[in-house]
Amino acid sequence: MPENTIRIKGHNPYQEQVQGKANEPITVAALLDRARSLPGVPRRAVSLGDIYDRLENNSPRVAIICGSSDHPAHIMDEEVKLRFAASIWGQGGVPFSFGVPVLCDGTAQSNIGMSYSLNSRNLLSDIVVNQMEAHSYHSAVVLSGCDKSPFGILNGLANLDAVRQQRGDHPLHATFVPSHVLRGGTLPSGLRKELETLAATARMQRHEHLAQDLDETLQYILQCSTNQAYQGILKRAVQLNLLTKTDHKRIEKELAINTCDSKGGICAFYGTGNTSRLVVSALGLTHPATELLVEPPDQNQVETATRALFSILMKPDFSVSNIVSKNIENAIRLHSCTGGSTNLMMHLVACMLYSVYRFDLWDYQRIRNTQPIPDLFDYSLTAGRDMFALAQQCCSGQSYGTESIIKSLADNGLPMNLSSPTVTGTTWKDRMAARKESELRKIPDNPIILNTPRRSISGIDVLRGNFFESAILKVSGFSDQQIREFDEKVFYVLYFENEDEATAGLTDAHLVDSLRHQKSLSKEALLAMIEANREDSDPTLAEANLMNRSNLFSMMIDRRLFKVAVVISGQGPEAYGMPEMFTPMHHINNNSQLRKLAILLSDGRFSGVTYGAAIGHMTPEAYKGGHLLFLKTGDMLRLQLSVKRVELLDRSGFEQESWSRIAVLWIVNAMCSGRRGCNGWKREEKTFLQPIGWRL
């Protein structure tokens, strides 16, 4: 392979100082020595003198950033790192490598680890800046995984690039190589038969809801998130004496050891990991050769990505922060049309701030709302359309991943910026021109990326309210039926102090029936809720008034007139690290009775794989005086999806005016009298993409 003679312009610390040229060559030699043992890697001999010369001549010093092997997405990083090291040397560069800790959200779920997850993003940014600056690396190959690490690393690189350009140094370039997609697990036939028998037993003993929940969960591929669904169902089965505790633990073990493929990767569900994969790609930072794979990249794919990186090293327009700023609108529209993780609302805002632009949640919403963004992503964990299936389609040439999504968005009239730069050294327009039109429009047998929208709405809405400033709802995870049944409805508040209490309450097999006996749930309150929530086919207020309280409650459950708002407060970033409320929301979604009745509100956040009526990221958080803290069991809320509002009602006024559908909805101001936001929250107007100065 011929070597390039590219030399980076600007400061070269290795010319002026001797210690680096004495100790760094052995680290490079170690990488290259190990790389030569891999199939497909040239067996060239490299001496310490060769490495010294490249350092002396300011050849591109490229850091390969790896994750920690205690995360499933990074257990194959060692081989990929060595392949890139050989490729970087072959292109005329000097390869280095360093690792960063990567926290697995699945491992951290429902324990103290969740309090450290979001914070790990900012820590990673600091680590990356520190190491890149300390060893004077010019550019990076990022072996990115899932959860917070892709944007943690990207934020650090973007900020460092902006600072280096401001101080007159060479811009920083990078290419992202996301881990391959992990193949979902399969239930052993014996275990499947046992769980089917459990469902039949539950049905025979008139526990139809539990049987239905188990039947539905058996349709899913086996992932760590599926294990959480089984956990809630099996706990309820133990409470109902359908399963012993010993059998529960045995089943739990068998599920666990059959979940993950030994090659690891990013889980096949469309959570934060795979959302980050697609959004970073939409930001122009991933080469299509390494974007969506079913196994670690081979040497040819590595060489392709490396050549592209070296082609842009002398082009400032292709530096990290410049690529990000030019592609932010593309990324937001892709995030919306695919129904991506709510976590990206925070990550994209942070990425723009690290890239040194003024940007906030409302800028995200302004871009999203410029033109309605349809649902173009028919992903499913039950119909053979998971992310592993999408990776298979990309590997076989049936789909082109991000390029196909951007093409579909443009075809559906969205204002995509096709002239923005990407890490291939070309624009999106150039990349698409290199494909045949028939290829970009090709429909696989089981399409995941659609040309014709699945429905007209997608993405994430920012909600307002009379007791909070903002909250987030992923409407793409909200079924059409839920939208119809939850919009303009009144909900009874069931308040929990923390996630542990909520999880215990939501896995109680008798939860719904226990609400019947709540002292705060008077007959007057039930009648008021009927009048507010009823449809024309439901009993009238006069008919309902003839029922006793117990029968009235049963009728409301059957007719879905009773709605409950599960509130979990004190989960914000300053109070508790902003953990995901994935587990409690999962227990709602995997309870066929509860998911028809319940929404969840929290100042915590939600997992990317969360779906349903999950309202989170509520600000101000409870710890900072947010009025979520002051809600209590028995309060009443009104959810207005059509106007993106949640309102706390005056309970006494609500009950007294129950005979009038117009007069029932009272807004409380007493709780926040004299405090900012009671009469509508305000923000300063500003210019979009306005630089805010340079920082580290």
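**Entry 1: the β8 neighbourhood**

I started with strands β8 and β9 (residues 598-602), which pair in the parallel sense over five bridges. This is a predicted model, so I kept an eye on confidence as I went. At one position in this pairing, I found I568 opposite S602 of β9.

Next I looked for the partner of β8 in strand β7. Strand β7 (residues 489-496) also pairs with β8 through five bridges, in the parallel sense. Here I568 turned up again, this time with F496 standing opposite.

Then I asked myself: are the residues of β8 buried or exposed? Five of the five residues of this strand (residues 564-568) are buried, so β8 is largely enclosed by the rest of the structure. I checked the two faces separately. V564, V566 and I568 lie on one side, A565 and V567 lie on the other, and both faces are covered.

**Entry 2: the nonpolar cores**

I moved on to the largest nonpolar core, which has 107 residues. Which members touch the most others? I noted M132, L154, L157 and L348. Helix α14 (residues 320-337) supplies the largest share of this core, with eight residues.

I picked L157 for a closer look. Leaving out residues up to four places away in sequence, I listed its contacts as V128, M132, A140, V142, L172, A174, F176 and V320. There is also a second core, separate from this one, with 40 residues. Its members include L511, A532, V566 and F654. I was pleased to meet V566 again, having just logged this residue as buried in β8.

**Entry 3: α14 against α15**

Since α14 had come up in the core, I looked at how this helix packs on helix α15 (residues 343-354). Their axes are 11 Å apart, at an angle of about 170 degrees. The two helices are therefore roughly antiparallel to each other. On the α14 side, I found V324, S325, I328, A331, I332 and H335 making the contact. From α15 the contributors are L344, M345, L348, C351 and M352. I had already noted L348 among the core residues that touch the most other members.

**Entry 4: confidence**

Last, I went through the pLDDT values. The protein chain averages 90, and 93% of the residues score at least 70. Where does pLDDT stay under 50? I marked residues 659-689, for which the model has 62 contacts beyond four places in sequence. Residues 691-696 are also below 50, and this stretch has 20 contacts in the model beyond near neighbours in sequence. A reminder to myself: where pLDDT is low, predicted coordinates should not be read in detail.

Notes. Residues are numbered from 1 along each chain as its sequence is written. This is a predicted model: local features need pLDDT of at least 70, side-chain atom pairs count only at pLDDT 80 or more; totals for chains, interfaces and linings use all residues. Side-chain values use heavy atoms; hydrogens and water are left out. A nonpolar core is a set of buried Ala, Val, Leu, Ile, Met, Phe, Trp, Tyr and Cys residues joined through side-chain atoms within 4.5 Å. Buried means under 20% relative accessible area, exposed over 50%, partly exposed in between (1.4 Å probe, protein chains only). Helices (H or I, at least four residues) and strands (E, at least two) are DSSP runs, numbered from the N terminus. Contact means heavy atoms within 4.5 Å. pLDDT is the predictor's confidence in each residue, from 0 to 100. Two strands pair if DSSP finds at least two bridges between them. Axes are lines fitted to C-alpha atoms, for helices over the stretch in contact, and angles run from 0 to 180 degrees between N-to-C directions. Angles under 35 degrees count as roughly parallel, over 145 as roughly antiparallel, 65 to 115 as roughly perpendicular and the rest as oblique.
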